[in-house]
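Visitor: I should like to be guided through this structure by question and answer. Please begin with any term that the discussion requires.

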Amino acid sequence: MVTTKYLTIKEASEYLKISSSKIYRLINQGLINSVKTPKGQRRFNEEDLIKFLKKTQPIKQKSKLYEAQNNDLYAEEIQAVYGLKNINNVSDELFFHSEQIWIYNADILSIQNIEENSVDLIVTSPPYNVDINYNSHNDTMTYSDYLSFTRKWLQKCFKFIKEDGRFCLNIPLDKNKGGQQSMCADITTIAKEIGFKYHSTIIWNEQNISRRTAWGSWLSATAPYVIAPVEVIVVFYKNVWKKTSGSRESNITKQEFMEWTNGVWNFSGESKKRIGHPAPYPVELPRRCIKLFSFVGDTILDPFLGSGSTLLACLETGRKGIGIEIDIKYCELAKKRLLNEGQMKQLKLFITS
Ligand SMILES: C[S@@+](CC[C@H](N)C(=O)[O-])C[C@H]1O[C@@H](n2cnc3c(N)ncnc32)[C@H](O)[C@@H]1O
């Protein structure tokens with residue numbers, strides 16, 4: 001006689017290497033079979049688990065999205081396990097995709113998947129070349145190498161934005177570490193050489209006085225250092241400043257508009273420790289740029305996604321968001337933040353509305 005082996009939820013979770021809560025979700029979606037004991041506890045037939053694994057295992061490997069494209073049978077399982085909604089036209093670079101959000105685990109210099117003239121607004125903060133320990137990027141280039149890297153990624157971004165597309169670039173005003181450099185002026189010059197048109201510069205006063213440590217020659221004119229404890233957001237556009245594409249629906253309040261069109265912004269920086277990334281900006285920064293410079297439903301791109309702050313701001317403001325990040329761990333972090341913080345914000349909106 002053949003006896004069927006039944007597993008508890010804990011055993012099934014170990015067997016499938018997914019959490020119990022995910023298993024419950026899969027049950028609700030009808031993707032895993034289970035039976036209930038007289039006391040109402042779930043039990044899983046081992047054969048059903050094997051069947052589920054057979055269907056989903058190929059897509060857990062690197063080529064999961066390619067498999068998905070070529071095998072409709074996997075579509076539902078992929079949606080359930082990875083939260084993917086639309087699995088057409090995807091490539092291996094696509095790390096995460098929901099209705100409104102796309103995360104690419106890719107290098108901005110070589111990414112192929114972003115359509116030219118498709119982006120309404122870019123909001124980003126690139127690496128500053130100040131010796132930050134990113135997992136997959138060398139942040140200690142010579143200044144001239146750094147500027148040629150900057151030229152290359154700016155050229156890519158120029159192609160992605162629409163004719164009336166805009167670009168909010170968060171960079172330091174100047175660089176003190178490893179030699180004084182007029183960073184904002186140099187990058188602005190490169191952007192203009194590429195074809196971007198200059199609109200304005202917003203000063204972000206991070207209110208972070210702890211940076212005030214290097215005085216140079218103390219109380220002497222020999223060689224004092226002057227350091228502005230601020231960063232900037234340089235605003236560019238591609239061809240025409242007046243925005244005609246998109247829904248034309250703005251969701252900025254009168255108070256926000258009046259406050260933010262004053263080009264000195266005062267809000268605190270973000271904690272690296274809290275976020276788990278070495279250089280995050282606060283969601284407030286992309287939130288302001290998005291609400292001020294784009295319409296509801298527009299497509300926003302962040303080519304240096306990091307921990308996903310720009311995409312969180314997209315969720316919050318009703319925009320579509322595309323993020324590109326070279327490091328897979330930061331992609332994971334961004335996805336986690338979107339699923340946790342992002343959903344909580346939407347829930348809050350739902351409860352208060
Ligand atoms: C200053 S951080 C961005 C932080 C982000 N604004 C946030 O709030 O978390 C720059 C990010 O760019 C990523 N990066 C560096 N070089 C890259 C490249 N060539 N393509 C895509 N991402 C890159 C780094 O891994 C890092 O996460």
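Guide: Two strands are said to pair if DSSP finds at least two bridges between them. The model considered here is predicted.

Visitor: In what order do the three strands of the open sheet lie?
Guide: The pairing in this open sheet is antiparallel. Strand E1 (6–7) and strand E2 (35–36) are the edge strands, each pairing on one side only. E1 and strand E3, residues 42–45, are joined in the antiparallel sense over two bridges. The order of the three strands is E1-E3-E2.

Visitor: Which residue in E3 stands opposite Tyr6?
Guide: E1 spans 6–7, and its antiparallel partner E3 covers residues 42–45. The residue in E3 opposite Tyr6 is Asn45.

Visitor: How are H10 and H11 oriented to each other, oblique or roughly parallel?
Guide: Helix H10 comprises residues 284–293 and helix H11 residues 309–317; their axes are 8 Å apart, at an angle of about 50°. Angles under 35 degrees count as roughly parallel, and 65 to 115 as roughly perpendicular. The two helices, H10 and H11, are therefore oblique.

Visitor: How many charged residues does the contact of H10 with H11 have?
Guide: Pro286, Arg287, Ile290 and Lys291 in H10 meet residues of H11, including Glu316. By class, this contact has four nonpolar and three polar residues, and its charged residues number three.

Visitor: How many nonpolar residues does the shell around the ligand hold?
Guide: The ligand is surrounded by 22 residues, the closest being His137, Phe304, Gly306, Ser307 and Ser309. Seven residues of the shell are polar and three are charged; the nonpolar residues number 12.

Terms used:
Residues are numbered from 1 along each chain as its sequence is written. This is a predicted model: local features need pLDDT of at least 70, side-chain atom pairs count only at pLDDT 80 or more; totals for chains, interfaces and linings use all residues. Helices (H or I, at least four residues) and strands (E, at least two) are DSSP runs, numbered from the N terminus. A residue is near a molecule or strand if its C-beta atom, placed from the backbone, lies within 6 Å of it. Ala, Val, Leu, Ile, Met, Phe, Trp, Tyr, Cys and Pro count as nonpolar, Asp, Glu, Lys and Arg as charged, and the others, Gly among them, as polar. Axes are lines fitted to C-alpha atoms, for helices over the stretch in contact, and angles run from 0 to 180 degrees between N-to-C directions. Angles under 35 degrees count as roughly parallel, over 145 as roughly antiparallel, 65 to 115 as roughly perpendicular and the rest as oblique. Two residues are in contact if their C-beta atoms, placed from the backbone, lie within 7 Å.
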